[in-house]
Amino acid sequence: MLNSVNQPAFFIFKCQQSAPPGMPKPSCVKADAPETAELFQHIAQSLMMKGIIGTVTPVQTGCLSRCGQGPVMLVEPGHTMYVGLTKEKIDRIIEEHIIGGNVVQEYVIPDELWGEPVAPASIAR
Ligand code: FES
């Protein structure tokens, strides 16, 4: 009989994009806010401390196209985009959403910036 390896329950995609020095565009990792560069490690460490890393897999990504709202991260499944992140907010999201199963609505991106997805089949040439 085969042993099975469980798939992750969640992936957390953390935008790690920084704007080049001198570029006015906002970004999730900010040169003038060094703590924004530490958020991915904070996620990984928090998941490790809780003993849930693996079943919750953190992934570093480039730009997720919501730069003005950064730092941001996307939780899948659920398509939940969290914005304006700090270490404290991440701790609450892990506790209440990832472990508790309840999305932390007050940190979710506003609806007007996160409309329904467009089906690729409806726009493909
Ligand atoms: S730089 Fe993070 S969403 Fe664009």
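**Exercise 1. In which sense do β3 and β4 pair, and over how many bridges? Place the two strands in their sheet.**

Step 1. The pairing of β3 with β4 is antiparallel and runs over three bridges. The model in which this is seen is a predicted one.

Step 2. Take a residue from each strand: V75 stands opposite T80 of β4.

Step 3. Next, look at the whole sheet. It is open and made of four strands, ordered β2-β1-β3-β4, with mixed pairing.

Step 4. The edges of the sheet are held by β2 and β4; each has a single partner strand, so one side of each has no neighbour in the sheet.

Step 5. From one strand to the next, the twist averages 20°.

Step 6. Add the helix: α1 packs on the sheet and touches β1 (10-15) and β2, and its direction makes about 170° with that of β2.

**Exercise 2. Which pattern does the protein chain follow along the sequence? Describe the chain as a whole.**

Step 1. Count the elements: the protein chain has three helices and four strands.

Step 2. Read in sequence order, these elements give β-α-β-β-β-α-α.

Step 3. For the extent of the chain, use the principal axes: the C-alpha atoms fill a box of roughly 55 × 45 × 30 Å.

Step 4. The chain has 125 residues, of which 22% count as buried.

Step 5. Among contacts with a separation of 6 or more, 60% join residues that are 24 or more positions apart.

**Exercise 3. Find the two cis peptide bonds described here and say where P71 and P77 lie.**

Step 1. The bond from G70 to P71 is cis, and its omega is near -5°. P71 belongs to the loop that joins β2 (56-61) to β3 (73-76).

Step 2. The bond from E76 to P77 is also cis, with omega near 0°. P77 sits in the loop between β3 and β4 (80-82).

**Exercise 4. Are S65 and H79 buried or exposed? Give the phi value and the loop of each.**

Step 1. S65 is not a glycine, yet its phi is positive, near 70°. The loop between β2 and β3 holds S65.

Step 2. Count the neighbours of S65: 11 other C-beta atoms lie within 10 Å. A residue is exposed if this count is 12 or fewer, so S65 is exposed.

Step 3. H79, likewise a residue other than glycine, has a positive phi near 60°. H79 is in the loop between β3 and β4.

Step 4. The same cut-off applies to H79, which has 9 other C-beta atoms within 10 Å and is therefore exposed.

**Exercise 5. Which residues does T55 touch, leaving out those up to four places away in sequence?**

Step 1. Locate T55: the loop between α1 (39-50) and β2 contains this residue.

Step 2. T55 has 13 C-beta neighbours inside 10 Å and counts as partly exposed.

Step 3. The contacts of T55 outside the excluded range are N6, P8 and A9.

Step 4. Compare sequence with space: T55 and Q7 are 48 residues apart in sequence, while their C-alpha atoms are 6.9 Å apart.

**Exercise 6. Which residues touch the most other members of the largest nonpolar core? Name the elements that supply this core.**

Step 1. The largest nonpolar core has 20 residues, and those touching the most other members are I43, V72, M73, Y82, L85, I90 and I93.

Step 2. At least two residues of this core come from each of β1, α1, β3, β4 and α2 (87-99).

Step 3. A general remark fits here: in soluble globular proteins, nonpolar side chains tend to be buried together.

Step 4. Follow one member, I93. Beyond its neighbours within four places in sequence, I93 is in contact with Y82, I98, V104 and Y107.

**Exercise 7. At what angle do the axes of α1 and α2 cross? Work out the make-up of their contact.**

Step 1. The two axes come within 10 Å and cross at roughly 35°.

Step 2. The crossing of α1 past α2 is right-handed.

Step 3. On the α1 side, the contact is made by L39, H42, I43, S46, L47 and K50; on the α2 side, by K87, I90, D91 and I94.

Step 4. Sorted by class, the contact has five nonpolar, two polar and three charged residues.

Definitions and conventions. Residues numbered from 1 in each chain as written. Predicted model: local features only at pLDDT ≥ 70, side-chain atom pairs only at ≥ 80, totals over all residues. Contact = placed C-beta atoms within 7 Å. Pairing = 2+ DSSP bridges. Axes fitted to C-alpha atoms, helices over the stretch in contact; angles between N-to-C directions. Core = buried A, V, L, I, M, F, W, Y, C linked by C-beta atoms within 7 Å. Left-handed = near helix turned anticlockwise from the far one by under 90°. Nonpolar A, V, L, I, M, F, W, Y, C, P; charged D, E, K, R; others polar.
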